[in-house]
Amino acid sequence: MLVQLQYLRAVAALMVVYFHAILQLAKVNPALDATAFVYGETGVDIFFVLSGFVMWLTTSGRAMSPIDFARRRIKRIVPLYWMATLFSAVVALVAPSLLKSTVFDLPHLIASLFFLPWANTADPSTITPVVVPGWTLNYEMFFYLIFALLLPVSETRRIPAMFAVFAVILIACRLLPETTATRFYGEPIILEFLAGTVLGWLYRQKVLLPNRWAWVALAIGFAFLFINEALMRPESRFYAWGIPAIFIVYGAVSIDFSRLPFIGWMNYLGDCSYSIYITHAFTLAFLRVVADRLPIGVLQQPVLFVILSLVLSSIGGAIIHEITTPRRKVAVASRPPA
């Protein structure tokens with residue numbers, strides 16, 4: 001795996017943790033107005049572009065059946081997510097006061113386990129699963145399904161076919177009567193996966209930016225990601241946040257990281273990024289409960305709360321990663337083979 005992808009995974013996961021930590025501050029300290037510091041939601045957009053890139057990179061030039069692809073993705077995604085979902089459901093059933101955005105509802109639970117979009121019982125205006133950050137996995141699994149079905153198509157035609165499928169989906173969701181499914185799958189955020197596959201194709205063709213311009217693209221991408229997150233609403237994220245995410249990923253994969261110092265802890269957090277993403281909501285809930293019960297407001301200090309959120313979420317995600325992931329050797333490269 002490219003080491004720069006590991007770094008981006010770590011950064012994207014910590015961005016999301018930071019975003020949710022800031023949102024939790026309003027519950028920990030209602031008198032605090034932290035809206036000016038609400039950033040990091042765009043880590044999801046980096047994840048989506050990365051996902052498309054990695055899926056193309058790991059299947060291009062290889063004979064892989066849709067069943068084999070699906071088996072690998074399910075093995076990677078489902079066990080931890082199901083454990084988190086079932087744990088949340090049990091807590092919502094036996095101790096509902098501990099959760100603010102989840103109530104027990106059996107149809108909602110079943111839909112969550114099978115990655116189906118469902119209106120959140122606690123907030124029907126949102127389409128989120130029992131583990132709220134898992135809404136991104138509903139999109140991920142939908143993308144994996146389309147990608148798997150197109151694997152029998154020759155590589156030269158696969159990306160055009162993907163463009164056609166995504167276009168049909170978006171148009172159909174606009175024309176059909178509005179339902180939870182058409183609202184969810186009709187969001188053009190799914191185009192970020194498609195952009196990632198195009199970047200994967202460019203990488204395999206060795207169509208990369210010169211090293212200097214790659215750094216410029218990376219810097220511009222992050223700059224506009226934060227600027228647009230402050231100025232643009234999530235409804236326009238597929239271009240306002242998605243395009244900077246494309247710059248970030250394309251810039252990163254074009255840089256020759258073999259000439260740079262290896263950052264072991266960032267690489268490791270990249271390995272743990274999925275576990276961090278899935279489990280950080282529980283860490284933040286734990287911190288909120290502790291902060292509510294402390295006689296002194298030490299955890300109500302914004303900087304301390306955010307730092308603890310980032311550190312403890314990373315540690316918790318790493319522990320879960322070590323428990324749930326079998327040991328294996330990972331080859332690290334920074335350029336495509338000659």
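Q: Where is Leu-57 placed, and why is it called buried?
A: Leu-57 lies in helix α2 (residues 43–59), where helices (H or I, at least four residues) and strands (E, at least two) are DSSP runs numbered from the N terminus. Buried means under 20% relative accessible area, exposed means over 50%, and partly exposed lies in between, with a 1.4 Å probe and protein chains only; the relative accessible area of Leu-57 is 18%, so Leu-57 is buried.
This is a predicted model in which residues are numbered from 1 along each chain as its sequence is written, and side-chain values use heavy atoms, with hydrogens and water left out. Local features need pLDDT of at least 70 and side-chain atom pairs count only at pLDDT 80 or more, while totals for chains, interfaces and linings use all residues.

Q: Which residues is Leu-57 in contact with, leaving aside its neighbours within four places in sequence?
A: Contact means heavy atoms within 4.5 Å, and with those neighbours left aside Leu-57 meets this condition with Leu-2, Tyr-203 and Arg-204. The C-alpha atoms of Leu-57 and Thr-197 are separated by 8.1 Å, although their positions lie 140 residues apart along the chain.

Q: What makes Ser-275 count as buried?
A: Its relative accessible area is 3%, and therefore Ser-275 is classed as buried. Ser-275 is found in helix α12 and touches Leu-80, Gly-317, Ile-320 and His-321, residues up to four places away in sequence not being counted.

Q: How do you know that the reach of α13 is close to what is expected?
A: The expected span of a helix is 1.5 Å times one less than its number of residues. Helix α13 (residues 302–324) has 23 residues, for which 33 Å is expected, and the distance from its first C-alpha to its last is 32 Å, close to that value. Its buried residues, among them Gly-317 and His-321, pack against α1 (3–28) and α12 (264–293).

Q: Why is α5 said to be largely enclosed by the rest of the structure?
A: Of the 15 residues of α5, 13 are buried, so the helix is largely enclosed. Its span agrees with the rule as well, because 21 Å should be covered and its end C-alpha atoms are 22 Å apart.

Q: What lines the second largest pocket, and how do the lining residues divide?
A: On a 1 Å grid over the protein atoms alone, a cavity is a set of points where a 1.4 Å probe fits but cannot get out, a pocket is an open set with protein on both sides within 12 Å along at least five of seven lines, and lining residues have an atom within 4 Å of a point. The second largest pocket is lined by 46 residues, of which His-20, Thr-128, Val-132, Pro-133 and Trp-135 lie nearest its centre. The largest share, nine residues, comes from α12. The lining divides into 27 nonpolar, ten polar and nine charged residues, where Ala, Val, Leu, Ile, Met, Phe, Trp, Tyr, Cys and Pro count as nonpolar, Asp, Glu, Lys and Arg as charged, and the others, Gly among them, as polar.

Q: How many cavities of 30 Å³ or more does the rule give?
A: The count comes to one. The largest cavity has a volume of about 30 Å³, and its lining includes Ala-89, Phe-104 and Asp-105.

Q: How many disulfides are counted?
A: A disulfide is a pair of cysteine sulfur atoms within 2.5 Å, and by this rule the count comes to zero. Cys-272, at 0% relative accessibility, counts as buried.

Notes:
Grid points are joined across faces, edges and corners, and a volume is the space filled by probe spheres set on the points.
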